[in-house]
Amino acid sequence: YLAVGYLGEAEETLRKIAEIDPGNVRMQIAEGELAHARLQSAVGERDGLLALAERTPEEEGRLAVLAQQIEEHAATAIARFEKGLERGGTLDVNVKLGQVYLLVGRLDDAEDEFRRVIVQSPYRVDAYRGLAEVYVARDQIEDALEQLRSALARSLDDGEKEQIATRILDFAPDDATT
């Protein structure tokens with residue numbers, strides 16, 4: 001359900017699992033993924049509203065609601081992912097936690113998570129991409145390009161390579177090698 005964006009169905013399934021096995025670590029991580037999906041949606045809507053030159057009073061009100069939702073979804077995702085890591089979660093959970101931190105602007109925490117993954121598994125392309133986005137958020141474009149090039153060199157998936165190369169060219173359009 002999460003993969004196809006059926007968040008209500010995912011939530012209902014997780015509620016049923018929680019009734020049967022409340023300590024299930026996979027369920028807790030999935031709850032974090034659900035909160036992360038909702039966080040992404042709220043951040044996207046907020047960014048769309050912030051991009052407007054002028055906002056109506058209703059849009060201003062919606063921004064206030066979104067700010068609260070973003071805070072709640074981020075707190076839930078972080079708590080669930082941290083609990084998952086405490087109980088034996090994988091590096092995937094570290095990447096997801098880093099992505100949440102990145103979404104809410106906790107750049108130092110995001111950097112720590114992505115670096116932790118890279119140290120433990122130097123071929124995790126998603127960690128290099130996440131670290132690159134941290135650098136982009138800090139306006140450290142050369143550092144971001146370095147991380148994107150590392151990701152490109154490690155990727156084995158053609159579609160992923162194309163996405164990474166496109167992102168590199170966003171910042172270095174004259175990069176003939178890419």
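**Nonpolar cores and the packing of helices 5 and 6**

In this predicted model, the largest nonpolar core comprises 38 residues. Within this core, the residues with the most contacts are L39, F81, V100, F114 and I164. Two or more residues each come from helix 2 (25–50), helix 3 (57–86), helix 4 (91–103), helix 5 (107–120), helix 6 (125–137), helix 7 (141–154) and helix 8 (158–171). Another core, of six residues, lies apart from the largest one and includes L7, L14, M27 and A30. When neighbours within four places in sequence are left aside, F81 is in contact with I29, G32, E33, H36, V93, K96, L97 and V100.

Two packed helices are described by the angle between their axes and the distance between the axes. For helix 5 and helix 6, the angle is about 155° and the axes are 9 Å apart. Helix 5 is therefore roughly antiparallel to helix 6, since angles over 145 degrees are counted in this way. The crossing of helix 5 with helix 6 is left-handed. On the helix 5 side, the contact is made by L107, A110, E111, F114, R115, V117 and I118. Helix 6 contributes A127, Y128, G130, L131, V134, Y135 and A137. The residues of this contact comprise 11 nonpolar, one polar and two charged.

E111 belongs to helix 5. The relative accessible area of E111 is 15%, so this residue is classed as buried, the cut-off being under 20%. Residues up to four places away in sequence not being counted, E111 touches L131, V134, Y135 and R138.

Technical notes
Residues numbered from 1 in each chain as written. Predicted model: local features only at pLDDT ≥ 70, side-chain atom pairs only at ≥ 80, totals over all residues. Heavy atoms only, no water. Core = buried A, V, L, I, M, F, W, Y, C linked by side-chain atoms within 4.5 Å. Buried < 20%, exposed > 50% of the residue type's maximum accessible area, 1.4 Å probe, protein only. Helix = DSSP H or I, 4+ residues; strand = E, 2+ residues; numbered from the N terminus. Contact = heavy atoms within 4.5 Å. Axes fitted to C-alpha atoms, helices over the stretch in contact; angles between N-to-C directions. Parallel < 35°, antiparallel > 145°, perpendicular 65-115°, else oblique. Left-handed = near helix turned anticlockwise from the far one by under 90°. Nonpolar A, V, L, I, M, F, W, Y, C, P; charged D, E, K, R; others polar.
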